[in-house]
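Student: I am new to this structure and should be grateful for a close look at a single part of it. Please take the loop that holds residues with unusual backbone angles, and then place that loop among the parts around it.

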Amino acid sequence: MKKVRMITAIFILMFLFAGGLISAQDRAISPNQLPKTAKTFLYAHFKGIPVSSAVEDREIYGVDEYKVYLNNGMKMEFDSNGNWKEVDGKHQKLPYGFIPVSIRNYATRNFPNTYIVKVEKKRWAYKAELSNGLELEFDKNGNFKKIDD
């Protein structure tokens, strides 16, 4: 009898877990539903470029991230609090105001005929893609680490 209860409990937990995975999904939202931090970022650095769509990426435990697509083709990803994680200019020059100064300076000084088209902020590092296709990697303080081509 004890074994039957344990097996039943395991099946119930598996069913609930599988149901949670099925419910994890993306959901279109209004740009006004973005976290305040994300809205402030968009207003400060992409003022005048309309948002074509915003998506809330939901996981079992809540919102994982937000994706924002602008009318000019650019795409941004924000964490659940609205902090930027990635900004992809889709081969267009990004505004440099939010990119750490040391990264901007390194790219401008060492690759004067290029510009940053994509930047990614990870927990311990940054990646910046240049218009010539090179990827620059930096530590969390913006110190240059290496080039990926």
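Tutor: A residue counts as exposed when its relative accessible area is over 50%, as buried when that area is under 20%, and as partly exposed in between. With a relative accessibility of 64%, His91 is therefore exposed. The model under discussion is a predicted one. His91 is found in the loop between E5 and H3, and its phi is near 75°, a positive value in a residue other than glycine. Lys90 lies in the loop between E5 and H3 as well. Although Lys90 is not a glycine, its phi is positive, at about 50°. Because its relative accessibility is 42%, Lys90 counts as partly exposed.

The elements on either side of this loop lead into the interior. Strand E5 covers residues 84-88 and helix H3 covers residues 101-110; each gives two or more residues to the largest nonpolar core. That core has 30 residues, and those with the most contacts inside it are Phe46, Met76, Phe78, Val87 and Phe98. In soluble globular proteins, nonpolar side chains tend to be buried together. Other elements that give two or more residues to the core include H2, strand E3 (62-70) and strand E4 (75-79). Leaving aside residues up to four places away in sequence, Phe78 touches Ala38, Phe41, Leu42, Glu65, Tyr66, Val68, Asn83, Trp84 and Lys85.

Two of the names above recur at the largest pocket: Leu42 and Phe46 are among its lining residues, which also include Pro31, Tyr43 and Leu70. Helix H2 (residues 36-45) gives the most to this lining, with 3 residues. By class, the lining has 8 nonpolar, 2 polar and 2 charged residues. The space in the pocket comes to about 170 Å³.

The core also draws two or more residues from each of E6, E7 and E8. Strand E6 (residues 116-121) pairs with strand E7 (residues 125-130) in the antiparallel sense, over 5 bridges, and Val119 stands opposite Ala128 in E7. The hairpin that joins E6 to E7 runs through 3 residues. E7 also pairs with strand E8 (residues 135-139), again in the antiparallel sense and over 5 bridges; here Glu129 has Glu135 in E8 as its bridge partner. Between E7 and E8 the hairpin has 4 residues, and in it Gly133 takes a positive phi near 95°. Gly133 is a glycine with a positive phi, whereas His91 has a positive phi as a residue other than glycine.

Conventions
Residues are numbered from 1 along each chain as its sequence is written. This is a predicted model: local features need pLDDT of at least 70, side-chain atom pairs count only at pLDDT 80 or more; totals for chains, interfaces and linings use all residues. Side-chain values use heavy atoms; hydrogens and water are left out. Two strands pair if DSSP finds at least two bridges between them. On a 1 Å grid over the protein atoms alone, a cavity is a set of points where a 1.4 Å probe fits but cannot get out, and a pocket is an open set with protein on both sides within 12 Å along at least five of seven lines; lining residues have an atom within 4 Å of a point. Grid points are joined across faces, edges and corners, and a volume is the space filled by probe spheres set on the points. Ala, Val, Leu, Ile, Met, Phe, Trp, Tyr, Cys and Pro count as nonpolar, Asp, Glu, Lys and Arg as charged, and the others, Gly among them, as polar. A nonpolar core is a set of buried Ala, Val, Leu, Ile, Met, Phe, Trp, Tyr and Cys residues joined through side-chain atoms within 4.5 Å. Buried means under 20% relative accessible area, exposed over 50%, partly exposed in between (1.4 Å probe, protein chains only). Contact means heavy atoms within 4.5 Å.
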